[in-house]
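User: I am new to this structure and would like to understand the terms used for it. Could we go through the reasoning step by step?

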Amino acid sequence: MSTATLPVDRLASWLEPRVPDLELPLTSTLIAGGRSNLTYRVSDAAGHRFALRRPPGLIEVEGAHDVAREFRIQQALSRRSGVRVAAQIAFCEDENVIGAPFSVMEFVDGSIVRDAASAATLDERARRGAGHALVGELVELHRPSPAELGLADLGRPEGYLSRQLRRWSAQIHGESATTTLLTEGHLRLTHRLPRQQRTALLHGDFRLDNVILSRAGDVRAVLDWELSTQGDPLADLGWLLLYWQPEDRPAKVLPRGSELPGFPTAAELTARYATGTGLDLTELPYYIAFAAWRLAVITLGVAARYRGGGRAGSDLAVDELTADAGVLAEHALTLLDA
């Protein structure tokens, strides 16, 4: 079954008893695809809109793209935290409805800043507010314990970085200048492993283009919870700061937008996070280095799948991905030297 459209007749039969005032027929549009969970906008005849999330057609990593997990996490956050998430409506595990498990939630209007062009649609005051609101959401996420959120069974509380280093180092294959850099990065990151100060619920991919913003720069919803687990909260902060106003060579690899006038500096975001959580950020360069190393491993893996025919893509795109992985691997080592 194609993932470009949904079987809206079967979806309507399932959704109608769960959504009051639903008016048929339904229409659907794929609005976010790729290697992550797929997101569709579903509309009824009265103009009511919903978002539907389902796994991609090809699942490359066992256990990835768990929409039931996403649904449960966002439901817990909406009930027991101040984190802004889309209101969850219903979850379906019956694959006969649309061909895969799926969740349905409210459709949240707003802007997603994916690049400099979309960032430019916000004025400077809104950009500044957006940066502070973004780190404010991270503080709210990391403030309660997983147990307080009803998510104590979501992963293991201790040893997050050790597990991540083992997991991602197992994805380093072949012999090249980049794999040599990644192997060195793994050894150095393992040797310098910092103490985990606190266990919190992590987002796993927390950055500017994973939130929906209002025109004034307020966060309306944090998106894409498929990598969420419990662990070391500074891993989320390090990931955010890797993407925030990158300089030099990493700036050519990472998405742009946060460097536009108005957005707070990385130092301002860091200070706000430290005040809000009370965590010691002495080892923050380590966490940014870990983020760069992890992204390099992921990027190199994507390039390998493209080269092997697992994904459609030009040779030029593969070469660019491989070069990007090398830049990120070098950046990780530079941060560890700082």
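Analyst: In this predicted model, the centres of domain 1 and domain 2, taken over C-alpha atoms, are separated by 23 Å. Their contact takes 19 residues from domain 1 and 18 residues from domain 2.

User: How do you know what area domain 1 and domain 2 bury between them?

Analyst: Buried area is the accessible area that two parts lose on being put together, summed over both. For domain 1 and domain 2 this comes to about 1800 Å², with 52% of it on carbon and sulfur atoms.

User: What makes the meeting of Arg 49 and Asp 109 a salt bridge?

Analyst: The rule asks for a side-chain nitrogen of Lys or Arg within 4 Å of a carboxyl oxygen of Asp or Glu. The side chains of Arg 49 and Asp 109 meet at 2.6 Å, N to O, and the pair therefore satisfies that cut-off. Across the interface of domain 1 and domain 2, the rule finds five salt bridges.

User: Why is the space lined by Val 113, Arg 114 and other residues called a cavity?

Analyst: A cavity is a set of points where a 1.4 Å probe fits but cannot get out, and by this rule two cavities of 30 Å³ or more are counted. The largest cavity holds about 110 Å³ of space, and its lining includes Val 113, Arg 114, Tyr 243 and Trp 244. By class, that lining has five nonpolar, two polar and four charged residues.

User: Which helix gives the largest share of the lining of the second largest cavity?

Analyst: Helix H7 (residues 234–243) does, with three residues. The second largest cavity has about 30 Å³ of space, and among the residues lining it are Tyr 160, Leu 202 and Arg 294.

Methods. Residues are numbered from 1 along each chain as its sequence is written. This is a predicted model: local features need pLDDT of at least 70, side-chain atom pairs count only at pLDDT 80 or more; totals for chains, interfaces and linings use all residues. Side-chain values use heavy atoms; hydrogens and water are left out. On a 1 Å grid over the protein atoms alone, a cavity is a set of points where a 1.4 Å probe fits but cannot get out, and a pocket is an open set with protein on both sides within 12 Å along at least five of seven lines; lining residues have an atom within 4 Å of a point. Grid points are joined across faces, edges and corners, and a volume is the space filled by probe spheres set on the points. Ala, Val, Leu, Ile, Met, Phe, Trp, Tyr, Cys and Pro count as nonpolar, Asp, Glu, Lys and Arg as charged, and the others, Gly among them, as polar. Helices (H or I, at least four residues) and strands (E, at least two) are DSSP runs, numbered from the N terminus. Domain bounds come from an automatic or database domain assignment. Contact means heavy atoms within 4.5 Å. Buried area is the accessible area (1.4 Å probe) that two parts lose on being put together, summed over both.
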